[in-house]
Amino acid sequence: MMFSFVLWCLYPALKLYSLRSDRVRALVAEKNFVVQIQVKDCSRGRWYQFENGRVTSGRMLRGDVDVGVRFKTARLGTKILVNMCSGMFHLAHPILRPFLDPLAVVNAVKNFAMEVDGEDELTLHFTDLMNAMLTHHWDQGFALPNDEVRYVNQTNGGPVFVYVKNGRIIRITPIEFDDDDADPWTIEARGRQFTPPRRTTLAPHGLASKSLIYSKKRLLHPLKRIDFDPTGERNPQNRGTSGYERISWDEALDLAAGEIKRINREHGHGAIFNSHSSHHTWGNIGYYLSSNIRFMNAIGCTKMVLNPDSWEGWFWGASHHYGYTMRMGIAEPYGQVEDCLKEAEMIVFWASDPESTCGSYAAFEGTVRRQWARQLGIKMVHIDPYKNETANWLGGKWIPIIPGTGPALAHAIAYVWITDDLYDKDYVEQRTTGFEKYRAYLLGEDDGIPKSPQWQEPETGVKAHIVRALAREWGSKKTYLSCGGKGVGFGGANRAATGAQWARSMVCLMAMQGLGKPGINFGNLTAGTPVDMQFYFPGYADGGISGDMEGTGDPVQNYQRMPHLISINTSNQKIPRLRIPEAILDGETEGYPTDPKSLEGQFQRFSYPSAGHSRIKMMYKYGGSHFGTTMESNRLAIAYRSDSLEFVLNQSIWDEGEARFADLILPACTNFERTDIGEWASSGGYGHHNFNQLNHRVITLQHKCIEPLGESKSDFQIFLELSKRLGLSAYFGEAKTEIQWCREQFLSSDISKSISWKNFLKKGYYVVPPENNQANRAPTSMRWFAEGRKKDVPEPSPLPAEYGEEYLRGLQTQSGKFEFEPQSLKRFDQDPERPPLNRYIPAWEGRQTKDIYRRYPLQLITPHPRFSFHTNGDGKDSVINDIEHHRSLIDGHYFWIARLNPLDAEARDILERDLVRLYNDRGSVICAAMLSERVTPGVVHSYESSAEYQPVGEPGKSPDIGGCVNILTPKRHMTPNTSASAPNSCLIQIEKCARETIQP
Amino acid sequence: MTKWNLIIDLAECHNCNNCVIACKDEYVGNDRPGYSAPQPLHGHRWIDIKTRERGRFPHVDVSYLPSMCNHCDDAPCVVHGNGAVIKRDDGIVIIDPAKAKGRRDIAESCPYDAIWWNDALDLPQAWTFDAHLLDSGWKHPRCVQSCPTGAMRAIKVTDQEMARLTVEENLETLRPELKTKPRVYYKNLFRFSKIFVAGEVLMNVNGTVDCAAGAQVTLSSGGKSLGSTQSGTFGEFTLDGLAPNTGDCELTVSHQEFSPQTIALDVADESLVVGTIVLNRNR
């Protein structure tokens, strides 16, 4: 009886909503079809007929239905539909909100107790109609008195208010909190109280979003390469040079789905390759680890293995001494803001420019804390080949160093600590192993060469007296070491031939000083704020809607909280990101995995192709970032033009980078044009508690601020449309729209206990109250280790099996202690450039490699960019281009900037803002010269990650005026048995270049 | 009567360019009758940042000077404008986008080059202090809102209060000799307008040369001290805030137990890096 009643309810509800909701009315009118919902045994049911905008319904089951929904029992049907159908009357009784019990649906579907059949086109249309009714009252945004609506969204550089008027974005700003938002934390240090301001900060690339959204380089229509004929000549050799013609979405999707089917049919397992950037536009639904993975797992594909680009030296090197493989070799980031402000007497910044690189996604949140440190009189030292912005702004001693020689300086510092008796002998004795061997190496007892300040001077260019002064100051003051932009981890020095050596030497230095004792730790006040670490909200690497069991944190974090179907990629084939060109051109390559589970995971070599798999024949590329971020990037241009790739599809927002090397371009919209949900700087397992870089945890409902521009669509929608053509739409979308998925994420997290869905939808953000109870704040990193206690910081790694003896006792190393000579490397011991004892081995490309240095006497360093987030924000006609320290407008073209010392410029007759050719055997890039005394002579400083690749002639074989300086950097791995990149070991020459010689 | 003033601290600006971008975001593509016509996407920088590098490797610093319409009390553009440029009661100068059409002379009248010429619209344009936002209740302009270091402050106070703050915080305006009475004030402007003398002091102890911390470094001219400081941990010293073109000077470096040294310097218009000074033991 109940089931019949529930089904009857749907009929008046449809009529009522047709009257009240434009969207429902439009969907009802759009198609003529019949839906029948019934019990499998045909004992009960009801049909609904949609004809020319009218709805009729009846109880007598019929045979001519287009969409059939069948439940095993009436009881199950009632359970699933009751709240939805009765709630449909909420227009009359607002208390009755319609909803579907997602767990009941997922269970019914998984057990085949609920079935839907019909053409995907119609089943999807029917669920769209139901969803339009379910979400009818979900109003987004905050109306302002002046006809503007204030929405909220999130960028890679911070959350934002988005002001919209008449369907157009007026402005994008950081968020200033209102009286209802939680008050921030306070830290007491040295008799003073420190509280961050009640606002969010925003990185330049986030602030420039409006210009990116309305960029003239937006892809607004599906495009097919003009000389690409899927049934005839494909002309792969013309990729990157041919033009495009506009086609309809139907044509584009039919072409894409047809090729997916054909490639799988003709070539078999692994023939489709999915390649994407390491980051994406923000949002847990639209992220590449969410919708993209869900779809790719559903069709099966060869996956790309991301090497830890920004962590290389930490992952392949430092981790062997002390663990933290789950963090790619970066130590736990807890409590350091408070400890540093209370206890530290000095901060040594080494390859660390947090004011430029903004932590990871953390905007300028650490800026105010570094100002506090300056006010407290904490001394600052900066070791960098370039006097970076942090050094210049914060003040303190700048120690310039020849790139790639950091480990030699570190060894000499350790040498002085030994000879001057300035290290923590008790700590070394109790908490470490292997020190005697390191000591013998430093003193020259094993090789006859003391690693003294004099020894390192010709290597590093740092005078011996400076080294002694630094070592003595460091050895006698409680010191924080900021090695890399985030305080621990990252840093240009770890992406060089000596990157693993450098990161290893950093952790060895800290082990000698008593890492974890008060005032002695890693950090630069970027990470380790006392925000609430227990309040759960999924980060992007928790997988969003992917259901992915292998490549995301979904099974760890959200699978048990958010009912959804799992997904698994059935292909075992993988390609290392840095070897994509070799996989395409040579048909074979190999790599080492970024396996975070154990110290040994990274040793497990894999090869391409996998046994029994097809080589890749189709590339499904997501965005266009790889020219700017791939070493020796000309390889990639050449690979794209190879006939071994039969079909290249690029799903991209902008016409940039690789997009124009595709046969088919599907235009995606930005996150400002779709609904999504996400927390600021929260990357889930890719950086557990990454949000503790922030002054305030801010969770946002990322409003759909404007309609998608042109014909662009959200990534989710594109995958759904493709799924429809592959019979996968019910599996891919689970009959939910993006905003419904947002609600599932909302319900799965602690935020649903703190703010109502309705208010969250309207306001768009929630500030998680900080932890002001001292007892609940996370303890300081490594304090437990320094004091010989069980691990007490709130991170779920290392995994239980990684503790040698007793769970939570000791580090991830075999001994549980800090190992100066790691057991893991001793056992592996196949890598001549990664010896168990961290001996200094000069870079394989640098001033010591005389044969190359003679021809190319300048060292190119390519740090992470200041004004863009890798390629995001750069190029594409954005206002970031107008920043004179980012690009330089010369004769109508925005050239990338290369900085060099006036001495080197003078020797080459180069003046400020001259066009210069940077070149070596790998290629050449035309940049604008910027002369600066902040650059160490012999060094050229130019940020990595140009979004534009603009070869003046044949792609891959001619100079680039876009600014992809990675064309010049070596593809060689840091050490032979790693997949680590080492772009900062790069020798080049520069010459003045006349504009007319490079006209395209 | 309270009026708007902008205070910019050069010691805090680290060139993130958020003020430049926020200005673009606010004005590009947005028409605000009575206040401003749209700013072109490229080419204009109503808020701009100028850069000055001082010294030589490795004794070098760089400073950034955000610059914009000064909203002068005696503004040449208001005079030239003849009604097309108005001075509001709250101190803000607005170039009326309707009345100023075709008036290139207005753009040329600004001695600070802070008025931009919009070719497409045939219009002089400048930063309006975000008057349209302040008039609708905003507490500060967008450059202030987006500044991560607090290098910019916008305050609405009486002229008397501002005069007091000017003295208290040692604020300056750009080119005061023009007597235009700017409402944009700068703190630590010496980083742009003055020069430094910098170097490194070492000490030779029994043949080992080490950094000499705590050495007294004094610069004088004609017996009159121009500044003095102590060397830091690494023997480094910087005497900053010096007037350019002082001419012949003496730099004296002294340290207990060591023989003092005096170096003759010619202080010209650029900062001077004297390099390394090695002190030897007293005989």
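**Domain, helix and strand arrangement in chains A and B**

In this predicted model, the C-alpha centres of domain 1 and domain 2 of chain A lie 35 Å apart. The contact of these two domains draws 9 residues from domain 1 of chain A and 7 residues from domain 2 of chain A. On the side of domain 1 of chain A that touches domain 2 of chain A, two or more residues are given by helix 4 (102-110) and by helix 5 (120-134) of chain A. That side of domain 1 of chain A comprises, by class, 5 nonpolar, 1 polar and 3 charged residues. In the division of chain A, domain 1 spans 2-134, whereas domain 2 is assembled from 223-309, 535-673 and 710-731; domain 3 covers 336-527 together with 798-828, and domain 4 covers 850-998.

Within chain A, helix 15 (residues 406-419) and helix 17 (residues 435-443) pack with their axes 9 Å apart and at an angle of about 100°. Because angles of 65 to 115 degrees count as roughly perpendicular, helix 15 of chain A and helix 17 of chain A are described as roughly perpendicular to each other. In this packing, His411(A), Ala414(A), Tyr415(A) and Ile418(A) of helix 15 of chain A meet Arg439(A), Leu442(A) and Leu443(A) of helix 17 of chain A. The contact of helix 15 with helix 17 of chain A has, by class, 5 nonpolar, 1 polar and 1 charged residues.

The contact of chain B with chain A takes 38 residues from chain B and 39 residues from chain A. On the side of chain B that touches chain A, at least two residues each are supplied by helix 1 (18-27), strand 2 (48-56), strand 3 (59-67), helix 5 (142-146) and strand 11 (208-211) of chain B. The largest share of this side, 7 residues, comes from helix 1 of chain B. By class, the side of chain B that touches chain A has 15 nonpolar, 13 polar and 10 charged residues.

Chain B also contains a set of paired strands, in which strand 12 (residues 216-221) pairs with strand 13 (residues 224-230) in the antiparallel sense over 6 bridges. Strands 12 and 13 of chain B form a hairpin with 2 residues between them, and Gly222(B) in the turn has a positive phi of about 60°. Leu219(B) has Gly227(B), in strand 13 of chain B, as its bridge partner. Strand 12 of chain B is also paired in the antiparallel sense with strand 15 (residues 247-255) of chain B, over 5 bridges, and here the bridge partner of Ser220(B) is Glu250(B) in strand 15 of chain B.

Definitions and conventions:
Residues numbered from 1 in each chain as written. Chains lettered and ligands numbered in written order. Predicted model: local features only at pLDDT ≥ 70, side-chain atom pairs only at ≥ 80, totals over all residues. Helix = DSSP H or I, 4+ residues; strand = E, 2+ residues; numbered from the N terminus. Nonpolar A, V, L, I, M, F, W, Y, C, P; charged D, E, K, R; others polar. Axes fitted to C-alpha atoms, helices over the stretch in contact; angles between N-to-C directions. Parallel < 35°, antiparallel > 145°, perpendicular 65-115°, else oblique. Pairing = 2+ DSSP bridges. Domains from an automatic or database assignment.
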